Amino acid sequence: MSTKSIPLTEDLSAYVLAHGSPPDDLVRELIDETLSVLPADAEMQIAPEQAGLLTFLTRLVNARQAVEIGTFTGLSSLAIARGLPADGHLTCFDISEEYTATARRYWARAGVDDRIDLRIGPAAENLRSLPTEPYLDLAFIDADKTGYLNYWTELVPRMRSGGLIVVDNVLRVGRVLAPKNAGDRAIAEFNDAVLKDDRVDLVMLPIADGLTLARRR
Ligand SMILES: C[S@@+](CC[C@H](N)C(=O)[O-])C[C@H]1O[C@@H](n2cnc3c(N)ncnc32)[C@H](O)[C@@H]1O
């Protein structure tokens, strides 16, 4: 099979970034603050082009009800919340009060805090408290990698037909081809398992560290 995707040099990557709708000042500030206050953890934040894509996808599926697993300082949740209508709702799951305190500040500044409900604690347990009917339009998975399959199991039955699950870090910087740690193995297993799930249509995008889009049939 031929390879149609081209490798991105730094210049080309900058060109790609410069040719999508640019991040606004608030998003830039959140990225800068995360880098300066949490330099060791800032790499956990999604890429700015992924934030743009999340807002785009949220609008594309006309999402009103969304879930995010893995909030950190709030970039992905801000992106999803901004794509929701004023009466839309996003439930966020994270284990860290410290990280998410920053997220709360930026949600308020963006004027979307009234549509976000943050639940602190292990997502696997907290997800089970969500309604069990298929009511979700969009879900984003970006927390501990060994939990992904659990999150998938809880989320798929809750997605409405046509709803979208977006999964981050599915390439593990390329290590899915030769896993080196528990997180890599968990993602390699996750990628193989969801491929066999006939409840969804799948596309894996080589954006940032790899993003899987799963549309509920
Ligand atoms: C990769 S970061 C999320 C980045 C975020 N999506 C963003 O855009 O900045 C992963 C987050 O998952 C959280 N996390 C780790 N294990 C978790 C668990 N078992 N349940 C819920 N959240 C968890 C961490 O506290 C961290 O904030």
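Okay, let's start with the contacts in this chain: taking pairs of residues at least 6 apart in sequence, 72% of those contacts join residues at least 24 apart. Before I go on, keep in mind that this is a predicted model.

So what's in the chain? We have eight helices and seven strands. The radius of gyration comes out at 17 Å, close to the 17 Å that the globule rule gives for 217 residues, so the chain is as compact as a globular protein of that length. If you line the C-alpha trace up on its principal axes, the spans are about 50 × 45 × 30 Å. As for burial, 36% of the 217 residues count as buried.

Right, helix packing. Two packed helices are described by the angle between their axes and the distance between the axes. I've got two pairs to show you.

Pair one is α2, residues 25-37, with α5, residues 97-110. Their axes sit 11 Å apart, at an angle of about 165°. With anything over 145 degrees counting as roughly antiparallel, that makes α2 roughly antiparallel to α5. The crossing of these two is right-handed. Who touches whom? On the α2 side you have Leu 26, Leu 30 and Glu 33, and they meet Thr 102, Tyr 106, Arg 109 and Ala 110 in α5. Sort that contact by class and you get four nonpolar residues, one polar and two charged.

Pair two is α7, residues 148-155, with α8, and α8 itself covers 182-195. Here the angle is about 30° and the axes are 9 Å apart. The cut-off for roughly parallel is under 35 degrees, and α7 and α8 are therefore roughly parallel to each other. From α7, Tyr 148, Leu 149 and Trp 152 come in against Ala 186, Ile 187, Phe 190, Ala 193 and Val 194 of α8. And the classes? Eight nonpolar, no polar and no charged.

While we're around α8, have a look at Val 176. You'll find Val 176 in the loop that runs between β5, residues 159-168, and α8. Which residues does Val 176 contact, leaving aside neighbours within four places in sequence? The list is Leu 171, Asp 184, Ile 187, Ala 188 and Asn 191. Ile 187 has come up already, as one of the α8 residues that meet α7. Buried or exposed, then, for Val 176? Somewhere in between: with 19 C-beta neighbours inside 10 Å, Val 176 counts as partly exposed, and the bar for buried is 20 or more. To tie this back to pair one, Val 176 and Glu 33 are 143 residues apart along the chain, and their C-alpha atoms are separated by 31 Å.

Last thing, backbone oddities. Most residues other than glycine have a negative phi, and most peptide bonds are trans. Two residues here are worth a click on that score.

Phe 72 isn't a glycine, yet has a positive phi of about 55°. Phe 72 belongs to the loop between β1 (65-69) and α4 (75-83). There are 22 other C-beta atoms within 10 Å, so Phe 72 is buried.

Then there's Ala 208, also a non-glycine with a positive phi, this time near 50°. Look for Ala 208 in the loop from β6 (200-205) to β7 (211-216). The count there is 16 other C-beta atoms within 10 Å, which means Ala 208 is partly exposed.

That's what I had. Over to you.

Notes. Residues numbered from 1 in each chain as written. Predicted model: local features only at pLDDT ≥ 70, side-chain atom pairs only at ≥ 80, totals over all residues. Axes fitted to C-alpha atoms, helices over the stretch in contact; angles between N-to-C directions. Helix = DSSP H or I, 4+ residues; strand = E, 2+ residues; numbered from the N terminus. Parallel < 35°, antiparallel > 145°, perpendicular 65-115°, else oblique. Left-handed = near helix turned anticlockwise from the far one by under 90°. Contact = placed C-beta atoms within 7 Å. Nonpolar A, V, L, I, M, F, W, Y, C, P; charged D, E, K, R; others polar. Rg over C-alpha atoms; globule rule 2.2 N^0.38 Å. Buried ≥ 20, exposed ≤ 12 C-beta atoms within 10 Å, placed from the backbone.
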